[in-house]
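I opened the model and kept a list of what I looked up. The entries follow in the order in which I made them.

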Amino acid sequence: MLQQTTIAAVRDYFEKFTRLWPTVHELAAAPLDDVLARWAGLGYYARARNLHACAQAVVSRHDGVFPSTAADLRELPGIGDYTSAAIAAICHDEPVAVVDGNVDRVMARFLALENPVRDEKPLVRSRVQEAVPRRAGDFAQAMMDLGATICAPRRANCLVCPLEPQCLGTRTGNPLAYPVPPAKKAKPERFGHAYVIVHPDGSIFVRQRGPKGLLAKMTEVPGSDWTANGQPPAFPLSARWTEAGTVVHTFTHFRLTLTVWTASASTPLDEGWWSAPDSLTSEAFPSLFRKVLATAGALPIP
DNA sequence: AACACGGGGAC
DNA sequence: GTCCCAGTGTT
């Protein structure tokens with residue numbers, strides 16, 4: 001959950017997940033759709049699918065017990081270089097380099113890297129690896145906490161930093177110049193339409209998104225493709241359609257503006273289901289579609 | 001190596 | 001508005 005996501009955003013989700021599925025066996029046995037529904041709103045939904053696949057792999061390949069080494073952990077779904085090293089170091093004191101975003105920043109400053117740290121991964125990893133002491137887990141957490149509290153994104157606090165005597169960044173006089181940001185490109189704009197069909201009994205017609213790509217397998221309301229040019233709406237059924245407003249949502253790599261349309265109808269579309277008002281909040285809606293439903297007046301403003 | 005992949009909190 | 005978060009998987 002904490003991959004690219006702050007503790008503040010994760011905390012409530014973590015509490016609910018561990019209460020609902022306290023063991024790897026229970027998580028492995030849970031339907032994926034339930035896991036996705038509980039993940040809804042947290043983003044990066046591949047993590048939820050990986051978490052579920054990881055639990056199943058631990059049960060099927062490892063008899064329900066997590067492997068102990070970074071190399072073996074690295075084979076599990078959703079466990080990459082960082083997470084495998086963090087588990088091995090913190091749980092078992094394996095002497096491996098644990099490099100998260102905090103450590104990237106600390107090392108970019110410590111080494112005064114002139115290139116974006118993304119392009120210096122091998123160097124950073126090897127320099128951290130050389131420094132790993134006997135208490136590898138404590139070292140890993142110390143480095144991450146140093147980045148989180150002292151060598152922070154907008155403040156370096158060099159006066160209280162234990163690495164200051166050997167830090168090249170502070171020696172340049174402007175440690176905040178590091179890490180050098182990668183050249184960023186503008187976010188494209190996309191546009192589309194969302195169709196909120198309200199049944200006379202108050203339920204909303206929803207469906208599941210496709211198995212791949214953005215927001216895969218999450219719940220949505222019917223809508224158009226999201227293209228760069230604004231197209232007129234193509235309503236999915238004949239009814240009295242009303243424009244309820246627009247929703248603007250920023251994804252990682254583009255900005256989307258959806259026009260929200262509502263109509264009353266009782267005929268379902270090909271694929272999907274009617275979701276009653278009571279069940280609407282437990283559907284696997286990403287934040288985008290929560291905004292759409294709020295704009296349509298079908299959900300309280302989140 | 002570059003890109004796809006969400007959402008929110010802090011400033 | 002911008003930046004960045006205890007990154008991973010795919011191409």
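**Entry 1: DNA strand B**

I began with the atoms of DNA strand B within 4 Å of the protein: 58% of these belong to sugar or phosphate, and the rest belong to bases. I note at once that this is a predicted model, and I read each distance below as a value computed from it.

Next I asked which residues around DNA strand B come nearest. There are 19 residues around the strand, and the nearest are Thr5, Leu215, His249, His253 and Ser287. I sorted the surface near DNA strand B by class and got seven nonpolar, nine polar and three charged residues.

I then went through individual atom pairs. His249 places a polar side-chain atom 2.5 Å from a phosphate oxygen of DNA strand B. Leu214 reaches a phosphate oxygen of this strand through its backbone, with an N or O atom at 3.2 Å. For a pair that involves a base, I noted Arg118: a polar atom of its side chain is 3.3 Å from a base nitrogen of DNA strand B.

**Entry 2: the hairpin at S4 and S5**

His249 falls within strand S4, which covers residues 242-250, so I looked at how that strand is paired, given that two strands pair if DSSP finds at least two bridges between them. S4 runs antiparallel to strand S5 (residues 255-264), and eight bridges join them. The connection from S4 to S5 is a hairpin of four residues. To fix the register I picked Gly245, which stands opposite Val260 in S5.

**Entry 3: DNA strand C**

I repeated the search for the other strand. DNA strand C has 23 residues around it, of which Gly78, Gly80, Thr83, Gly101 and Arg105 come nearest. Of the atoms of DNA strand C that come within 4 Å of the protein, 61% are sugar and phosphate.

Which protein atoms lie by the phosphate oxygens of DNA strand C? I listed three. An N or O atom in the side chain of Arg105 is 2.5 Å from a phosphate oxygen. Gly101 has a backbone N or O atom 2.8 Å from a phosphate oxygen of the strand, and for Asp81 a backbone N or O atom is at 3.2 Å from a phosphate oxygen. Helix H6 (81-92) and helix H7 (101-110) are the elements that give two or more residues to the surface near DNA strand C. By class I recorded eight nonpolar, nine polar and six charged residues on that surface.

**Entry 4: Arg209**

I looked up Arg209 in the loop between strand S2 (204-208) and strand S3 (219-220). Is Arg209 buried or exposed? Arg209 counts as buried because its relative accessibility is 17%, and the cut-off for buried is under 20%.

I then checked what its side chain meets. The side chains of Arg209 and Glu220 make a polar contact of 2.8 Å. The side chain of Arg209 also reaches the backbone oxygen of Leu215, at 3.4 Å. Leaving out residues up to four places away in sequence, I found that Arg209 touches Leu214, Leu215, Lys217, Met218, Glu220, Trp226 and Phe289. Two of these names were already in my notes: Leu214 from the phosphate pair and Leu215 from the nearest residues around DNA strand B.

**Entry 5: backbone geometry**

Most residues other than glycine have a negative phi, and most peptide bonds are trans. I therefore searched for departures from this.

Tyr44 is not a glycine but has a positive phi of about 45°. Tyr44 sits in the loop between helix H3 (32-39) and helix H4 (46-62), and it counts as partly exposed at 43% relative accessibility. Asp93, also not a glycine, has a positive phi of about 55°. Asp93 is in the loop between H6 and H7, and its 40% relative accessibility makes it partly exposed.

I also logged a cis peptide bond, from Tyr178 to Pro179, with omega near -5°. Pro179 belongs to the loop between helix H10 (168-171) and strand S1 (189-198).

**Entry 6: chain A as a whole**

I left the totals for the end. Chain A has 12 helices and six strands. Its C-alpha atoms fill a box of roughly 70 × 50 × 25 Å along the principal axes. Of its 302 residues, 41% are buried. The chain exposes about 16800 Å², with 53% of this supplied by carbon and sulfur atoms. Among contacts in chain A with a separation of 6 or more, 62% are between residues 24 or more positions apart.

Note on methods
Residues are numbered from 1 along each chain as its sequence is written. Chains are lettered from A and ligands numbered from 1 in the order in which they are written. This is a predicted model: local features need pLDDT of at least 70, side-chain atom pairs count only at pLDDT 80 or more; totals for chains, interfaces and linings use all residues. Side-chain values use heavy atoms; hydrogens and water are left out. A residue is near a molecule or strand if one of its heavy atoms lies within 4 Å of it. A polar contact is a pair of N or O atoms within 3.5 Å; within protein, one must be able to donate a hydrogen and the other to accept it, and residues adjacent in sequence count only if both atoms are side-chain atoms. Ala, Val, Leu, Ile, Met, Phe, Trp, Tyr, Cys and Pro count as nonpolar, Asp, Glu, Lys and Arg as charged, and the others, Gly among them, as polar. Buried means under 20% relative accessible area, exposed over 50%, partly exposed in between (1.4 Å probe, protein chains only). Contact means heavy atoms within 4.5 Å. Accessible areas come from the Shrake-Rupley method with a 1.4 Å probe; for residues, only the protein chains shown count as cover.
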